[in-house]
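Q: Please take me through one part of this model in close detail: the place where two helices cross. After that, I would like to see how the rest of the fold is laid out around its sheets and cores.

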Amino acid sequence: MPRIAQYPLFTSLLTLLFLAVVTGITSYAINNIEQATKQQIRTSLKTVLQTTVTTYQVWIQYRKRDVKELATTPAVVDMTAKLLNGNTAEQSLALTRMREYLTPKLRKESDLGFFIISPARLNIGSMRDNNLNSLNLIHMQRPAYLNRAFKGETLFIPTLFSDVPLSGRAASDKQRSLTIFVVSPIRQDDEIIAVLALRINLNTLFNHVSGLARLGDTGETYAFDERGMMITESRFEHQLRKKNLISPDSNSILNIRITDPGGNLLEGYLPDHPPRQQPLTLMAAEATRGISGINVDGYRDYRGVPVFGAWLWDHDLGFGVTTEIDVDEALTPYYQTRQTVLGVLSLIMLMAVLLLAYIIRSQQAKKRYLQQSKDILEQLVEQRTAELNTTRKQLETANRELEVQATTDSLTQLANRRNFDAHLQSEWLQCSRDNKPLAILLIDIDHFKEYNDHYGHLQGDECLRHVAQALQDADVLRRPGDLIARYGGEEFAIILSAPNGTYVSQTAERLREQICKLEIAHQASAVPERILTISIGYAVSQHLKQISPETLFDQADQALYRAKSRGRNQSCGAGASNGEQDAENRPAG
C-alpha cells in the first residue's frame with residue numbers, strides 16, 4: 001500500500017521536473033532566437049548605413065572631379081585672370097562670359113550657383129550681382145576649408161547656412177536654409193590665382209538617397225550636423241506636424257534637433273522640457289562626439305519611439321548619418337515566434353496538469369499521452385525553426401542584393417569604380433606573388449560631351465550602354481583576374497592578368513575597332529567619319545614589386561592623354577617613347 005501511495009507522488013515529481021526542463025529549454029531557445037534576430041537586424045542596419053555613406057562618398061568624389069576639371073579649363077582660367085586684373089569694362093565682360101559659360105554646366109547637375117573667390121576671400125564672380133566684392137560665405141563659416149583650397153586641394157565643403165533662400169524656401173526661412181559647396185583652385189602658370197566654388201543642390205543626392213535607404217515600413221535613414229540638427233527630410237514629417245514639432249508650411253531640415261523627449265510622443269507623452277533643453281538621443285550624442293556604433297538594445301529617437309540604429313560620423317563629409325527602424329517592427333518575427341512558443345508551452349503546462357490528474361488513475365494512458373505531447377512539441381519547434389530559416393535566407397538575399405548594388409554601375413551593369421579599385425589591389429597582390437605581369441587599359445569616349453550636347457543626355461546614356469555591351473562582346477576577358485568596369489562618366493577601365501605586351505596592344509585595337517563597328521552617328525565629333533570612337537591608353541608591367549598600382553594606373557592615364565592629344569580614335573601604350581609604336585595603333589588613313 002505504501003508503494004502505491006508513493007507512486008503518484010513520484011509521477012508528480014517527474015512531471016514537475018519535465019515541465020521545468022521544457023521551460024528552461026524554451027527560455028534558452030527564445031533567448032537564442034532573440035539574439036539571432038538582433039544579429040540579423042544589426043547586419044541589415046550596418047549594410048544599409050555603409051551603402052548610404054558609400055553612395056555619398058562616391059557622388060562627392062565624382063563632383064570633386066567635375067569641379068577640378070572645370071577649374072582647369074582655359075576659358076575659366078582666362079576669365080578669372082581678367083576678373084582679377086582687368087579694368088571695370090573688361091571685368092564686366094569677363095563676368096558675363098563666365099556666367100554664360102558656367103550656366104549650362106550648372107544645369108547639367110542641377111547646381112544652384114557658383115563663386116569665383118579671390119585670394120582676399122572676396123567674391124569676384126557669382127550668378128548674383130549683390131554677392132560681388134563681398135566676403136565669401138565659405139570663408140565666414142568654414143575658413144579652414146577655404147584655406148586648404150588656396151593651398152591646392154579640391155574639397156567638399158560640409159553644410160553651411162545659405163546667404164539666400166534655397167530649394168523653394170520662403171524668404172522668412174532664409175537663415176534656416178542649408179547649402180553645400182565643392183571647391184577647387186584655379187591655377188595660372190602653376191600659381192593659384194583664385195578658387196572656383198559650385199553651390200550643390202542638397203536634393204540631388206542627400207534626400208533622394210536617404211529616402212531610398214530604408215528598412216521596412218518604419219525604417220529611416222537621415223543625416224545631421226555637429227549640433228544634432230537634421231539636415232535631410234524626415235520620413236515622419238506628418239507625425240511631426242501633428243505633434244506641432246514643425247509648422248505646416250515647413251519641413252524637418254534644420255527644424256528638428258535629434259533629442260530624446262523622454263517618452264513616446266506618438267502615444268501622448270508630454271515632455272517636461274522644450275526640445276532645445278532636451279538631451280540628444282543616444283545615437284546623436286555618440287555620433288556628434290565622433291563615435292560610430294550599432295545599437296540593437298533599443299533607444300528613443302527624436303519622436304520618443306524605441307528604435308534600433310546604426311550610425312557614424314564622417315569627418316570627410318562633415319556630418320553624421322544614421323539608419324534606424326522601430327523596435328516593434330524589427331522584432332516582429334521574434335515576437336511572433338516567442339508568442340507561438342510560449343503559447344505552446346502554456347498549452348503543455350495545462351495538458352501536464354490534466355495529465356497528472358489522469359495519470360493517478362492510468363499510468364499507461366499518461367505515458368502514451370506524454371509521448372503524443374512530445375511529438376507535437378517537436379513538430380511545432382521544427383515548424384518555427386523552418387520559418388526562422390526562411391526569414392534568415394530572405395535577409396541574406398537582401399544583403400547580397402545590396403552588396404551587388406554597391407559594386408555594380410546601375411547604368412551599364414559593369415563593375416563600378418569601387419569594385420575596380422578593390423579588384424586591382426587584389427589582382428596586384430596575386431600577380432606579384434606569382435611574378436606575373438599585369439596590364440591596365442583606360443578607355444575614353446571621344447567628344448562625348450559634344451555627343452551629349454548634340455543628342456541629349458538620354459541618348460548619351462543609351463550610347464554608354466551600347467559601348468559597355470560592345471566592350472563585353474569583344475571577348476577580351478580570358479582569365480579569372482580580368483575585369484572591365486565603368487570608371488566614371490564616359491571612362492572605362494580594364495584589368496588584364498598575366499598578359500604580354502603584344503596581346504595588350506592587340507586587345508586595345510580590337511576594342512577600338514569594336515566601337516567603330518557600332519557606327520554610332522556622332523555629327524558633333526571631330527573625326528572625319530562622324531561616328532562614335534574611343535581613345536585607349538594602356539600600360540603593362542612585369543615588375544609589380546618595384547612599383548605601385550597607382551603608378552601603373554598613371555602610366556595608362558598618360559598614355560590615354562597622348563592618344564587623345566594625337567587626334568583621338570587610337571590606342572597608345574605607356575612604353576612608347578616616340579610616335580613609332582603609337583602609329584601602329586592608329587586607324588588606317
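**From a helix crossing to the sheets and cores**

A: Let's start at the crossing itself: helix 12 passes helix 16 in a right-handed sense. Please keep in mind that the model is predicted. Helix 12 covers residues 417-434 and helix 16 covers residues 549-565; their axes lie 11 Å apart, and the packing angle is about 115 degrees. On the helix 12 side, the contact is made by Phe 420, Leu 424, Gln 425 and Trp 428, while helix 16 brings Pro 549, Glu 550, Leu 552 and Phe 553. Sorted by class, six residues of this contact are nonpolar, one is polar and one is charged. Gln 425 is the polar member and Glu 550 the charged one, because Gln counts as polar and Glu as charged.

Each of these helices leads into a loop worth a look. After helix 12, on the way to strand 10 (438-445), comes Asn 435. Its phi is near 55 degrees, a positive value in a residue that is not glycine. After helix 16, the loop to strand 14 (571-573) holds Asn 569, and the phi of Asn 569 is likewise positive, near 55 degrees, again in a residue other than glycine. What are the surroundings of these two asparagines like: buried or exposed? Asn 435 has 55% relative accessibility, which is over the 50% limit, so it counts as exposed. Asn 569 has 7%, which is under 20%, so it counts as buried.

A further residue to visit is Gln 469, which sits in helix 14 (residues 457-473). At 41% relative accessible area, Gln 469 falls between the two limits of 20% and 50%, so it is partly exposed. Its C-alpha atom is separated by 9.2 Å from that of Gln 413, although the two positions lie 56 residues apart along the chain numbering.

Now to the sheets. Five strands make an open sheet with the order 2-1-5-4-3 and antiparallel pairing. Strand 2 (123-126) and strand 3 (155-161) are the edges; each has a single partner, so one side of each is without a neighbour in the sheet. On average, and ignoring direction, neighbouring strands in this sheet are turned by 25 degrees against each other. Helix 3 (residues 88-108) packs on this sheet and touches strand 1, strand 2 and strand 5 (191-200), with a direction at about 135 degrees to that of strand 1. Strand 1 (residues 113-117) is joined to strand 2 by three bridges, and the two run antiparallel. In that pair, Phe 115 faces Ser 126 of strand 2.

The other sheet is also open and antiparallel, with four strands in the order 6-9-8-7. Its edges are strand 6 (220-224) and strand 7, each of which pairs on one side only. Here too, the average turn between neighbouring strands is 25 degrees when direction is ignored.

Strand 8 (residues 306-314) is a good place to pause, as eight of its nine residues are buried. On one side, strand 8 pairs with strand 7 (residues 293-300) through five antiparallel bridges, and Asn 295 stands opposite Gly 309. Five residues lie between the strands of this hairpin, and Gly 304 has a positive phi near 80 degrees. With strand 9 (residues 319-326), strand 8 shares eight bridges, again antiparallel. Phe 308 has Ile 325 as its bridge partner in strand 9. The hairpin of strand 8 and strand 9 has four residues between the strands, and Gly 318 in the turn has a positive phi of about 85 degrees.

Phe 308 also leads us to the cores. The largest nonpolar core holds 53 residues, and those with the most contacts inside it are Met 98, Ile 116, Ile 186, Leu 196, Leu 198, Phe 308 and Phe 319. Helix 1 (residues 2-71) supplies the largest share of that core, with twelve residues. Another core, apart from it, has 30 residues, including Ala 439, Leu 441, Ala 474 and Leu 496. As background, nonpolar side chains tend to be buried together in soluble globular proteins. Several elements met above return in the largest core: Met 98 belongs to helix 3, Ile 116 to strand 1, and Phe 319 to strand 9. In the other core, Ala 439 and Leu 441 lie in strand 10, the strand that follows the loop with Asn 435.

Terms used
Residues numbered from 1 in each chain as written. Predicted model: local features only at pLDDT ≥ 70, side-chain atom pairs only at ≥ 80, totals over all residues. Heavy atoms only, no water. Axes fitted to C-alpha atoms, helices over the stretch in contact; angles between N-to-C directions. Left-handed = near helix turned anticlockwise from the far one by under 90°. Contact = heavy atoms within 4.5 Å. Core = buried A, V, L, I, M, F, W, Y, C linked by side-chain atoms within 4.5 Å. Buried < 20%, exposed > 50% of the residue type's maximum accessible area, 1.4 Å probe, protein only. Pairing = 2+ DSSP bridges.
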